[in-house]
Every structure is written in C-alpha cells, then in structure tokens.
Amino acid sequence: MRAAQQPPSAAFLPPLLGVADRRRRATPGAVARSSRFLGQPIGRALPTRFRQPGVRPTADLRSLPGVDTRWASPAGQAVTASAAAASSSPPSPDSLTNNAPASGRKPGFAPAELAATTLHLYNTMTRSKDVFEPAAPPAVTFYSCGPTVYDRAHIGNFRAFLVYDVAKRWLTARGYVVNHVMNLTDVDDKIIAKVSRDGVGGSLDDAAALTCKYADAFFADLSKLNVVPATTYPRATDHIPEMEELIGSLLRRGIAYEAGGSTYFSVDAYPAYGQLARLPPPSQTLTPTAGAGGLDADEYDRGDARDFALWKAWKPADGGVVWDSPSLGRGRPGWHIECTCMALKYLGTTIDIHGGGVDLVFPHHENERAQAEACTGSLYVRTWLHNAFVTIGGDGDKMSKSVGNWVSLDDVSPRAFRWLVVVAAYRSPLAFSTATVKAAGRTVRRLDALRAKLADTAAAAAAGTDADANGGSDGEVAPAMAAAIASARSRFVAAMDDDLNTPRAAAALFGLVGAAEKALKAGELSAATASAIDDCLVDFDTVFGIFYTPPVPTPAASSGGSGSDGVSAELQELLAEREAARAAKDWARADEIRGQLGAAGWVVKDTPAGGVLVPVEGSA
C-alpha cells in the first residue's frame, strides 16, 4: 500500500498571502467591500495559523486563532444565523449520544484491540488503499463538502453526510481528535435562480432568507439521522473578503486573468491540473483555454474542461445578489473558490482528509485543489475520500433534484435509512427502494428487540441465582460467549480499518447477534453474559450510530411529510412501535411512547382498527 502522495509540481509558487481576519456579511444596504490586504505585495509568509498542517481543536473553539466566533458556541459547535439575527443550532453532541451500556462504562475499543491492524483508506488521488497518516497525530483535519442550501436535501445527499459521519466516528474511536469543517454554500447559480422572479434576480435579503430556511431544515435532518456535528459550519457569504484576496493572489501569479469583467483560473498556467480527475495534461486538452474565454457555469462535464470562473461579473439576472470589489469589480464568487477559501482558513495549508460525493471529483474538487495548490505551493489534501451515488428506479438512475426522482428524509424512517446507508460499501452505488428501507427497518427492530431481551435477562438473572449450565456464574461471562465476543470485536476492527468496510463490520456484528439470540432462546445467558453482549453491541454502535431515539417532529414540522394528514415517517414508526408494545402487553413502553407523541403535539386515539394520531388543538 502507498502512503500519501507527494506535493504537486506547482511547488515553485510562492506562499499564499495572509488571509484577512475581518469577515463582513453583505447586507441589502451595504455590500461587502474588498479586503485591505489585496494591495500588499506577493511573497509574504503565511501567518502561523495557516502554516500549520491544521488547527488542533480545543474544548472551546472560540479560543482558536482565526476562528469566526459568530459560528462557534462554547461547546465547539457551529451556529447558523439568519439575516434577522435569529439563530438556530446544529444538533448538539450531547443530544446524539448513543444509548449507554447497562454497565455504565464508557463505550469504545481498547488500545490493544486497535493495535492489531492499521487503518487504510482508499485515496482517490492515488486510486489505491493507502495507510492513513495524518500530518500531526492525534489531530486530524477533515473537510467535507456540505449542502447548497437552496432546497431540502434529499436522501441521496445524505449518503455523503452519513458516510463521513461513520468515518469521523471511526477516527474518534481510534483515538484521533478530529477537527471537522463542513461548509454551507449560500451563494451560487442555483440559489440565484431560485430567488429570481420573472428573470430578475432577487436581493441579498431574499437569498439570505432562503438559505437560512433550508440550513435550518438541514440541521434538523442531521439530528434525525444522529449525525455527530462538525466542529465548524462556515457559510460562503461570510468569507467574501478572503475570497477576493485569494483571487487577487492568483492574478498576481499569472494563474488567473480578467475577461469581460469576470476573473478566470487558467488551467494552462497550472501544469498539475487534472491529476485528481485523471484528465489529460492541460497542454493536450481539446478545448482552447487561455484567451478563448472560460466557463461561468458552476457545473460542467469532463469533456468541457477549460478555464473556470473565480469571480463572476454581475449580470441583470443576478439582481441584488452582488458584491462591489475594488479589485475584481461588481460581481460574486464562483462556487469552487468558496470551498478552497474556507478550507485554507479553518484547517490550514494541507488537510488530512477531504470528502464528498463522487460527482464532485470533477469539476469541483479538481478546481478546488488547483486553486489551493497554485496559491500555496503545498499539497492541499493528503487523502481524498469519495462516496458513490444513491440510485433509484429499475434503471439505476442517480437520485437528483434536476431529474425530479428524489426522496426527502420525511418519506422514510430515519433509523432505517441510516442503517441502510452505514452498512453499505460506501464506494459502490446504493440502490434505494421501499423494499430496501423496509428490510433495513426490520433489521433495526431486530437489534432493538435483542437489546431489550438482553436487558430483561440480565435483570431477571441478577435477581435470581445468576447461574446455569452454560451461561456463567458469580458474575463471570460464559467462556463460549466470551470467545464469540472477542472474535466479533477483532473482525469488526479489522473491517473498519480496511477502508471503512462496514458490510464486513456488520457481518461481525450479526455473527454475535445470532449467537446471542440462540443462547437466549435456550435460556443459557447469565446476567454477566447478557451485559457483556450488550456492551459489545454498544461499542459497535459508537460507529454505526443506530441506538438512538430520533427527535419527534411537531405537527407543524410534520406537514411536509408523505404520510396521511401530515403524519411523518418518524411519527408513523413510533405509532407502530406503540401498537407492537400494546400487543405484547408492554404497557410501560406503550405509555412512554404516548408521552413522547404528546410532547410533540399529538394525541393517540385508540380505535378498533388501531391507534390514530390527532394533532393537539392549537399545535398544528
């Protein structure tokens, strides 16, 4: 296996200019002005915080140099802000804690278990599984592309967010301290198109209202899926001065040029362009580049590779979504410069891991990489991770808003969908259908049922003699089951270290599940053995993240769901669970669920045909 690749051939380039400390958000009354650093000569050394391989996270993110304190809470998590200064938070880490094991111990893996194998990750740049070697262990810098907040994210989008949630969970389980940045794209072609009316673009106020609405919806969906929050969620429009400076640096180096009021990156001027996407060298491209005009579109095909826009000149369709730059002119940033700027600002010159969907390899990640390395002369990313699409329909079509074949999280059980995604091979397409989600739901219920039986067995056995022929006695774990647990743990770690091989990790889990179910049926589990099995399941769940209770939506929040009368999939799942509890005469659980539904604004009306949800008067 190969280690991380060496720095690019653009190492002759001088270092990046210092990035402005000031962040100014454009408002309808005062568009953002250029950074004062744009006029400084090239060749100035990077500030210390940008020379480091990455910023090491601390308990209080606000104490870090270069971090925008408006986007960091005392807990180190980002906060979204609306144009009206109202704020909403991404899911709190505390709210996403998995169910603790009955023993009360901290779940996880022992150093000896982790020392048996070495973590390898498939690197898109090298097209091989490489040993993962962060620049400054135990710190890991991790950038993953976030959503363009112009609409609800669909479940195809959420595959990427779940894949990198699992990656981050496994890195954390291995003892790394992960500084994760996920951007929010809140200015691009799609957003401007959505806020425009009759071909006349909307205002910055319109764009801010739209993007804050869908950012809030995105964070709510992350919470439903039990995704561990990123360290920081920077928004593109809060970093216009830094983007201006970055573009100015490229202009002074002769790697960018102005044409028709816009600024373009010259792929001919950067010999390493195309390496990530395996494009021919710029000198062999069929499409003329420098001097022939560049592409203004954010997205385009490999066959149309050419100079791309860094700064787009204003046009009438943009309306009021515009910034006045003394150096670049009246316009707005291109999509690709946004991620480069925020990654360099928050994580430093070289990032340990950069993740995203495979559709982002070209042009977005190729362009993002070219911009960064052309400025810094250093390797931008040590390991590139990319996940495959979610497909839908008999023809295996990619799920996409542009095609109209997308499904939102309101239409599925969050836990079932999470399980469907996290146990699939992340580099292979994932076929979505009603049948696959239902099968995943049955698996989740099977795991829940096993944990409930283990808890009951442990309690009953502890109240009795706690001894039987095969289940161990006096607080000891039965030897046969101890061996099964050890084998499952060893196989699980080996699978996760093999490029996050969650299908094999799930197979290790279900090897233990099958043994436990067999022992339960035979009545051969002591309290200690049942607790040991449950502890192992919870340890595995630090990676899978399945043992949690999704937040229950209020009637108003549920009105967009696909269920009848606005009842979302989460509510339907809870109601079905209550019906099952009543059938099993588990009245305590049935009452607990009734209380959850009531707190969310719903009353359960029992009828001969089963329970029906009715909104509490005044809550809808």
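Q: How many helices and strands does the protein chain have?
A: Helices (H or I, at least four residues) and strands (E, at least two) are taken as DSSP runs, numbered from the N terminus. The model is predicted, so local features need pLDDT of at least 70 and side-chain atom pairs count only at pLDDT 80 or more, while totals for chains, interfaces and linings use all residues. Residues are numbered from 1 along each chain as its sequence is written, and side-chain values use heavy atoms, with hydrogens and water left out. In the protein chain the result is 16 helices and 18 strands.

Q: What share of the residues in the protein chain is buried?
A: Buried means under 20% relative accessible area, exposed over 50%, and partly exposed in between (1.4 Å probe, protein chains only). Of the 620 residues in the protein chain, the buried share is 56%.

Q: Among contacts between residues at least 6 apart in sequence, what percentage joins residues at least 24 apart?
A: A contact means heavy atoms within 4.5 Å. Among contacts in the protein chain between residues at least 6 apart in sequence, the part joining residues at least 24 apart is 75%.

Q: Which residue in the hairpin of S7 and S8 takes a positive phi?
A: Two strands pair if DSSP finds at least two bridges between them. Strands S7 (residues 256-259) and S8 (residues 262-265) run antiparallel and are joined by four bridges, with Ala259 opposite Ser262 in S8. Two residues lie between the strands of this hairpin, and the positive phi, near 60 degrees, belongs to Gly260.

Q: How far apart are the end C-alpha atoms of helix H13?
A: The expected span of a helix is 1.5 Å times one less than its number of residues. Helix H13 (residues 527-544) has 18 residues and should therefore span 26 Å; the distance between its end C-alpha atoms agrees, at 25 Å.

Q: How many of the residues of H13 are buried, and which residue follows the helix?
A: H13 is mostly covered, with 17 of its 18 residues buried. After H13 comes a residue with a positive phi, near 65 degrees: Gly545.

Q: Which residue forms a salt bridge with Arg152?
A: A salt bridge is a side-chain nitrogen of Lys or Arg within 4 Å of a carboxyl oxygen of Asp or Glu, and by this rule the count comes to 31. For Arg152 the closest N and O atoms are 3.1 Å apart, and the partner is Asp410. This pair links distant parts of the chain, 258 residues apart: Arg152 is in the loop between strand S5 (139-144) and helix H3 (155-173), and Asp410 is in the loop between strand S15 (397-398) and helix H9 (414-422). At 6% relative accessibility, the buried partner is Asp410.

Q: Is Asp318 buried or exposed?
A: Asp318 forms a salt bridge with Lys315, with 3.5 Å between the closest N and O atoms. Lys315 has a relative accessible area of 39% and so is partly exposed. Asp318 is at 1% relative accessibility and therefore counts as buried.

Q: Which residue meets Asp534 in a salt bridge?
A: The N to O distance in this salt bridge of Asp534 is 2.7 Å, and the other side chain is that of Arg451. The pair links distant parts of the chain, 83 residues apart, with Asp534 in helix H13 and Arg451 in helix H10 (residues 434-463). Asp534 is buried because its relative accessible area is 7%. At 13%, the other buried residue is Arg451.
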